[in-house]
Amino acid sequence: DGESPLADLRAAFGHLKPRRILVGLWLLALISYLLTGVYIVNPDEAAVVRRFGAIIQSRVLPGLHYRLPWPIDKVDIINVSEVRREVVGVLQAEPEHVHPEPPALLQVLSGDTNVINVEIIVQYQVNDPAAYLVNVQYAPYRLVRDAVRQAVTSVLSQESVDEILTTQRQSLQNLIRTETQQRLDNYGSGLLIVGINLRCTITIIFQSPYESLATFGQCVDMI
């Protein structure tokens with residue numbers, strides 16, 4: 001009854017030893033730190049685990065997993081089911097896609113010196129998350145766009161208009177997809193082409209002085 005509040009506190013907690021309190025707090029902090037190593041990979045994802053920067057698990061499947069906490073291990077979770085897309089050869093870029101240069105038309109000179117305007121919608125996804133994480137140093141759609149442009153130029157510049165529109169059209173479309181994939185594989189990108197929507201507008205330059213140029217036709221297909 002006349003005791004001070006400080007004396008009351010001492011009476012209530014005097015039996016507790018400071019050393020035990022510190023040990024308890026340290027153990028609680030350690031458990032909390034170790035629990036930060038728990039992570040979840042969703043069904044449409046894959047994870048890559050790196051230890052001090054070196055990959056130790058290249059593809060962790062969906063489920064509940066554990067890795068050593070930061071700064072020892074680092075986990076990157078990548079969506080491997082999402083089908084992404086990039087438009088090539090049109091003046092309107094995909095929303096949220098940022099390119100260092102403005103979008104431009106894709107024009108190729110065919111083997112018989114005709115101008116071909118090519119528009120392509122490319123669908124792709126991450127196939128190898130570890131390779132994608134390590135080797136793709138900038139936006140993947142830029143890498144896909146560059147690979148497609150190179151493949152189209154390489155394939156169509158060796159063929160005539162008739163072959164592009166009729167006799168060799170399907171095989172040329174397959175070649176574009178195959179060559180694009182080969183270029184992405186050479187980069188070690190970890191990306192897989194899953195579809196190409198190709199639209200070609202062929203412009204013929206006539207040799208007659210009375211005729212300048214005309215649109216010959218177009219090819220549209222999905223590979």
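1. Val-41 has Gly-63 as its bridge partner in S4. The model is predicted, and this pairing belongs to the contact between strands S1 and S4. S1 covers residues 38-41; S4 covers residues 63-66. The two strands run antiparallel and are joined by 4 bridges.

2. The side chains of S1 alternate. Tyr-39 and Val-41 are buried and point to one face. Val-38 and Ile-40 point to the other face and are not buried. Val-41 therefore combines a buried side chain, at under 20% relative accessible area, with a bridge to Gly-63.

3. An open sheet is built from 3 strands, in the order S3-S2-S5, with antiparallel pairing. Its edge strands are S3 (54-60) and S5 (73-79), each of which pairs on one side only. On average, neighbouring strands of this sheet are turned by 20 degrees against each other, direction ignored.

4. S2 spans residues 45-51. With S3 it shares 4 bridges in the antiparallel sense. Within this pair, Ala-47 of S2 stands opposite Val-60 in S3.

5. Next, the loop between S2 and S3. Phe-52 lies there. Is Phe-52 buried or exposed? Its relative accessible area is 67%, so Phe-52 counts as exposed, the cut-off being over 50%.

6. Phe-52 also has partners further along the chain. Beyond its neighbours within four places in sequence, Phe-52 is in contact with Pro-71 and Ile-72. Ile-72 is 20 residues from Phe-52 along the chain, yet their C-alpha atoms are separated by 5.7 Å. Phe-52 is thus exposed and still in contact with Pro-71 and Ile-72.

Methods
Residues are numbered from 1 along each chain as its sequence is written. This is a predicted model: local features need pLDDT of at least 70, side-chain atom pairs count only at pLDDT 80 or more; totals for chains, interfaces and linings use all residues. Side-chain values use heavy atoms; hydrogens and water are left out. Buried means under 20% relative accessible area, exposed over 50%, partly exposed in between (1.4 Å probe, protein chains only). Two strands pair if DSSP finds at least two bridges between them. Axes are lines fitted to C-alpha atoms, for helices over the stretch in contact, and angles run from 0 to 180 degrees between N-to-C directions. Contact means heavy atoms within 4.5 Å.
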